[in-house]
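Please open the model in a viewer and keep the sequence panel visible. The tour below proceeds by selection, with a description of what is found at each stop.

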Amino acid sequence: HHQSTATPPGRLVASGKAGSDMCVGCQVWARDVRTDAGDDATLLVVVNWGASRDQHAEDISFDLASYYQGRAQRGLEGRSEAIAGVEDLWAHVDAPANVEVSAEGVVAVSQVPAGGCEILLLS
């Protein structure tokens with residue numbers, strides 16, 4: 001999915017800075033993709049760039065509402081339905097225990113280790 005040219009490339013949708021709610025050095029990247037079945041989905045990469053081994057795992061929470069509102073500008077349908085499924089593409093696990101998604105599009109990923117990431121497919 002990530003190598004497809006059928007949809008625009010991914011973009012930074014959230015970044016932690018001093019004074020923000022998200023951890024400093026944490027980022028969320030998103031990309032619209034089409035599944036093998038032809039359905040629209042969102043590929044998310046949640047990164048904790050913590051440079052120090054002493055830095056602890058972070059809980060990262062972010063709102064995708066503005067990202068989904070911009071889908072029409074990218075030539076895709078807006079997302080009117082709630083996110084039905086989450087798949088951890090790295091671990092090959094459906095509905096990973098460390099990921100929660102609200103009906104409003106707020107995504108919370110717990111315990112992302114320093115220097116680590118989560119790669120998720122939201123459908």
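Which residue in E9 is the bridge partner of Val-47? Select Val-47 and follow its bridge into E9: the partner there is Cys-117. Before continuing, please note that this is a predicted model.

**The whole chain**

Display the protein chain as a cartoon. It comprises 1 helix and 9 strands, and the order along the sequence is β-β-β-β-α-β-β-β-β-β. Colour next by accessibility: the chain has 123 residues, of which 37% count as buried. The exposed area of the chain is about 7,200 Å², with carbon and sulfur atoms supplying 51% of it. Among the contacts with a separation of 6 or more, 58% are between residues 24 or more positions apart.

**The open sheet**

Select E1, E2, E3, E9, E5 and E6. These 6 strands form an open sheet in the order E1-E2-E3-E9-E5-E6, with antiparallel pairing. E1 and strand E6 (93-94) are the edge strands, each of which pairs on one side only. In general terms, the strands of a sheet pair through backbone hydrogen bonds, either parallel or antiparallel.

Now restrict the view to E9 and its two neighbours.

- E3 and E9 run antiparallel and are joined by 6 bridges. In addition to the pair already visited, Val-45 has Ile-119 as its bridge partner in E9.
- Strand E5 (residues 86-88) and E9 also run antiparallel, joined by 3 bridges. Here the bridge partner of Asp-88 in E9 is Leu-120.

**The nonpolar core**

Which residues touch the most other members of the largest nonpolar core? Select Leu-44, Ile-60 and Phe-62: within this core of 21 residues, these three touch the most other members. At least two core residues come from each of E2, strand E3 (40-48), strand E4 (58-63), helix H1 (65-69), strand E8 (106-112) and strand E9 (117-122). Nonpolar side chains tend to be buried together in soluble globular proteins.

Centre the view on Ile-60 and show its contacts. Leaving aside residues up to four places away in sequence, Ile-60 touches Met-22, Cys-23, Cys-26, Val-28, Val-46, Val-47, Val-107, Ala-108, Val-109 and Val-112. Val-47, where the tour began with its bridge to Cys-117, is therefore also one of the residues touched by Ile-60.**Gln-27 and its polar contacts**

Select Gln-27, which is found in strand E2. Is this residue buried or exposed? Gln-27 counts as buried because its relative accessibility is 18%, and the cut-off for that class is under 20%. Display the polar contacts of its side chain. One joins it to the side chain of Trp-29 at 3.1 Å, and another to the side chain of Trp-49 at 2.8 Å. Beyond residues up to four places away in sequence, Gln-27 touches Leu-12, Ala-14, Ser-15, Met-22, Val-45, Val-46, Val-47 and Trp-49.

**From Gln-27 to Lys-17**

Measure next from the C-alpha of Gln-27 to that of Lys-17: the separation is 9.6 Å in space and 10 residues in sequence. Lys-17 is found in the loop between strand E1 (11-15) and strand E2 (26-34). Lys-17 counts as exposed, because its relative accessibility is 55%. With residues up to four places away in sequence set aside, Lys-17 touches Met-22 and Val-24. Met-22 also appears among the residues touched by Gln-27.

**The salt bridge**

How many salt bridges does the structure hold? There is 1. Select Arg-34 and Asp-40, which form a salt bridge with their closest N and O atoms 3.1 Å apart. Arg-34 is partly exposed, with a relative accessible area of 36%. Asp-40 is likewise partly exposed, at 29%.

**Two positive phi angles**

Finish with the backbone torsions. Select Ala-95, in the loop between E6 and strand E7 (99-101). Ala-95 is not a glycine, yet its phi is positive, at about 50°. Ala-95 counts as exposed, because its relative accessibility is 62%.

The last selection is Gln-111, which lies in strand E8. Its phi is near 55°, again a positive value in a residue other than glycine.

Definitions and conventions. Residues numbered from 1 in each chain as written. Predicted model: local features only at pLDDT ≥ 70, side-chain atom pairs only at ≥ 80, totals over all residues. Heavy atoms only, no water. Helix = DSSP H or I, 4+ residues; strand = E, 2+ residues; numbered from the N terminus. Buried < 20%, exposed > 50% of the residue type's maximum accessible area, 1.4 Å probe, protein only. Contact = heavy atoms within 4.5 Å. Areas by Shrake-Rupley, 256 points an atom, 1.4 Å probe, with all protein chains shown as cover. Polar contact = N/O pair within 3.5 Å; in protein donor to acceptor, adjacent residues only side chain to side chain. Core = buried A, V, L, I, M, F, W, Y, C linked by side-chain atoms within 4.5 Å. Salt bridge = Lys/Arg side-chain N within 4 Å of Asp/Glu carboxyl O. Pairing = 2+ DSSP bridges.
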